[in-house]
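Open the model in your viewer and keep the selection panel at hand. The tour goes from one selection to the next and says what is there.

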Amino acid sequence: MPVAATTVLGGMGVAAACLPFIGSLLPSERARAAGAPVEVDIGRLEDGMLLTVEWQGKPAWIVRRTRDMLRLLPDNERRLADPGSEVSRQPAYCRNSARSIEPEVFVCVGICTHLGCVPTYRPEVAPADLDRDWRGGFHCPCHGSTFDLAGRVFRNVPAPTNLVIPRHRYAARSRLVIGTDDEA
Ligand code: FES
């Protein structure tokens with residue numbers, strides 16, 4: 001299954017182009033620009049791929065989940081710490097079993113909820129992972145926390161909650177805006 005390198009489309013290009021401009025802004029304007037929503041073209045994001053864009057100085061991930069990936073999600077639930085995302089952070093419209101607006105497109109902040117390391121994307125797993133009943137998702141190398149492909153944390157790992165999902169919306173079928181859910 002192909003895994004995209006942490007690629008930059010749309011939003012990051014815009015962010016990079018704006019840097020000299022941001023440097024000349026007043027502090028309040030600079031802060032607003034740094035936290036501005038990022039628009040991303042996901043039209044070329046293939047099945048199983050992960051795309052990373054920068055949002056508020058953090059990695060935001062977009063994964064195009066396959067049907068097989070989605071089929072695995074219910075199987076994980078009995079082993080998750082917060083399967084219903086009761087104590088985790090996500091917009092209300094992502095508090096569902098897939099933690100997303102569109103089931104196949106998963107968006108989250110790529111930072112571990114334990115101490116802030118960046119987990120790795122592991123859509124496929126090694127035999128050792130299967131032995132411990134982990135079918136893939138995200139793995140944090142710092143202290144071994146594992147998350148499923150909806151960013152839900154497994155029990156008995158250091159991370160206390162699921163990966164955070166930022167506010168987002170679709171500006172068009174293949175254009176995602178991360179950081180806001182307000183209509184323009
Ligand atoms: S920072 Fe991820 S497990 Fe500790």
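Which cysteine does a disulfide join to cysteine 117? Select cysteine 142: the disulfide joins cysteine 117 to this residue, with an S to S distance of 1.9 Å. Keep in mind throughout that this is a predicted model. A search of the whole structure finds 1 disulfide. The pair links distant parts of the chain, 25 residues apart: cysteine 117 sits in the loop between strand E4 (105–109) and E5, and cysteine 142 in the loop between E6 and E7. Look along the S-S bond next. The torsion about it is about -95 degrees, so the disulfide is left-handed.

Now colour the cysteines by accessibility. Cysteine 117 is partly exposed, at a relative accessible area of 21%; the cut-off for buried is under 20%. Cysteine 142 is also partly exposed, at 37%. Then select cysteine 94, which counts as buried at 0% relative accessibility, and cysteine 112, which counts as buried at 4%.

Next, show the strands E5, E6 and E7. These 3 strands form an open sheet in the order E5-E6-E7, with antiparallel pairing. The edge strands are E5 (120–122) and E7 (146–147), each of which pairs on one side only. Between E5 and E6 (residues 137–139) there are 3 bridges, in the antiparallel sense. To find the register, select threonine 120, which stands opposite histidine 139 in E6.

Move on to aspartate 148, in the loop between E7 and strand E8 (168–172). Is this residue buried or exposed? Aspartate 148 counts as buried, because its relative accessibility is 0%. Display its side chain and the backbone of alanine 150: the side chain of aspartate 148 reaches the backbone nitrogen of alanine 150 at 2.9 Å. Then show its surroundings. Leaving aside residues up to four places away in sequence, aspartate 148 touches Leu73, Asn76, Leu80, Gly136, Gly137, Phe138 and Phe154.

The last stop is strand E1 (residues 38–41). Show its side chains, which alternate along the strand. Val38 and Val40 point to one face and are buried, while Glu39 and Asp41 point to the other and are not. Add strand E9 (residues 175–178), which pairs with E1 in the antiparallel sense over 4 bridges. Which residue in E9 does valine 38 stand opposite? Select isoleucine 178, which is the residue opposite valine 38.

Methods: Residues are numbered from 1 along each chain as its sequence is written. This is a predicted model: local features need pLDDT of at least 70, side-chain atom pairs count only at pLDDT 80 or more; totals for chains, interfaces and linings use all residues. Side-chain values use heavy atoms; hydrogens and water are left out. Buried means under 20% relative accessible area, exposed over 50%, partly exposed in between (1.4 Å probe, protein chains only). Helices (H or I, at least four residues) and strands (E, at least two) are DSSP runs, numbered from the N terminus. Two strands pair if DSSP finds at least two bridges between them. A disulfide is a pair of cysteine sulfur atoms within 2.5 Å. A polar contact is a pair of N or O atoms within 3.5 Å; within protein, one must be able to donate a hydrogen and the other to accept it, and residues adjacent in sequence count only if both atoms are side-chain atoms. Contact means heavy atoms within 4.5 Å.
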